[in-house]
Amino acid sequence: MNDAPGTRAEDVLEARLDRAKMPTALRWGRNALAFAVSTVSGGAGDDLLPGLELVVSRRDTGAEVLRVRAGQFEEAGHLLEHTWRDLATMTVEEFVRSWRLIDE
């Protein structure tokens, strides 16, 4: 990233949650399987749902710089909050190094 040294990460990057990318047929299949498992087991099966992904992108271009599996709603929410904290408190260089967005 070619941003000025010392630039705060949240001035350049933003984070959000997206539904996990997968073919529609696979998404439907996983949803059906999760429903079947939860019906049989009385509530389990959430880990079979497609889940969410954490996406970090550049504010100026919208280009994604990071996309990782974030889990289900509660876990994904915690990861997003952690990411927002890092963006607010780190420089771009620190964020990139911390999240290993470049090879060292």
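The following is a conversation between a biologist and a modeller about how the terms used for this predicted model are justified.

Biologist: What should I know about the model before we start?

Modeller: The model is predicted, so local features need pLDDT of at least 70 and side-chain atom pairs count only at pLDDT 80 or more, while totals for chains, interfaces and linings use all residues. Residues are numbered from 1 along each chain as its sequence is written, and side-chain values use heavy atoms, with hydrogens and water left out.

Biologist: What makes up the secondary structure of the protein chain?

Modeller: The protein chain has three helices and three strands, following the pattern β-α-β-β-α-α along the sequence. Helices (H or I, at least four residues) and strands (E, at least two) are DSSP runs, numbered from the N terminus.

Biologist: What makes the three strands a sheet, and in which order do they lie?

Modeller: Two strands pair if DSSP finds at least two bridges between them. Strand 1 and strand 2 have seven bridges in the antiparallel sense, and strand 2 and strand 3 have six, also antiparallel. The result is an open sheet in the order 1-2-3.

Biologist: Why are strand 1 and strand 3 called edge strands?

Modeller: Strand 1 (13–19) and strand 3 (64–71) each pair on one side only. Neighbouring strands of this sheet are turned by 25 degrees against each other on average, direction ignored. Axes here are lines fitted to C-alpha atoms, for helices over the stretch in contact, and angles run from 0 to 180 degrees between N-to-C directions.

Biologist: Where does helix 2 pack?

Modeller: Helix 2 packs on the sheet and touches strand 1, strand 2 and strand 3. The direction of helix 2 makes about 170 degrees with that of strand 1.

Biologist: Which residues are the bridge partners of Leu-54?

Modeller: Leu-54 in strand 2 is the bridge partner of Leu-17, and in strand 3 the bridge partner of Leu-54 is Val-68. Next along strand 2, Val-55 has Arg-67 as its bridge partner in strand 3.

Biologist: Why is strand 2 described as largely enclosed?

Modeller: Buried means under 20% relative accessible area, exposed over 50%, and partly exposed in between (1.4 Å probe, protein chains only). Seven of the seven residues of strand 2 are buried, so strand 2 is largely enclosed by the rest of the structure. Leu-52, Leu-54, Val-56 and Arg-58 point one way, while Glu-53, Val-55 and Ser-57 point the other way. In a regular strand the side chains alternate between the two faces of the sheet.

Biologist: Why is Gly-51 called buried?

Modeller: Gly-51 has a relative accessible area of 13%, and the cut-off is under 20%, so the term applies. Gly-51 sits in the loop between helix 1 (24–41) and strand 2 (52–58). Contact means heavy atoms within 4.5 Å. Leaving aside its neighbours within four places in sequence, Gly-51 is in contact with Arg-19, Ala-20, Gly-71 and Gln-72.

Biologist: How do you know that Thr-83 is buried?

Modeller: Thr-83 has 0% relative accessibility and therefore counts as buried. Thr-83 belongs to helix 2 (residues 73–89). Beyond its neighbours within four places in sequence, Thr-83 is in contact with Ala-15, Leu-54, Val-56, Phe-95 and Trp-99.

Biologist: What makes the link between Thr-83 and Leu-79 a polar contact?

Modeller: A polar contact is a pair of N or O atoms within 3.5 Å; within protein, one must be able to donate a hydrogen and the other to accept it, and residues adjacent in sequence count only if both atoms are side-chain atoms. A polar atom of the Thr-83 side chain lies 2.8 Å from the backbone oxygen of Leu-79.

Biologist: Why is Thr-61 called exposed?

Modeller: Thr-61 has 57% relative accessibility, so Thr-61 counts as exposed. Thr-61 is in the loop between strand 2 and strand 3. A polar atom of the Thr-61 side chain lies 3.2 Å from the backbone nitrogen of Ala-63. The two strands form a hairpin with five residues between them, and Gly-62 in the turn has a positive phi of about 80 degrees.

Biologist: What makes a group of residues a nonpolar core?

Modeller: A nonpolar core is a set of buried Ala, Val, Leu, Ile, Met, Phe, Trp, Tyr and Cys residues joined through side-chain atoms within 4.5 Å. The largest here has 17 residues, and those with the most contacts inside it are Leu-13, Ala-15, Leu-54, Val-56, Leu-87 and Phe-95. Strand 1, strand 2, strand 3, helix 2 and helix 3 (92–98) each supply at least two residues of this core.
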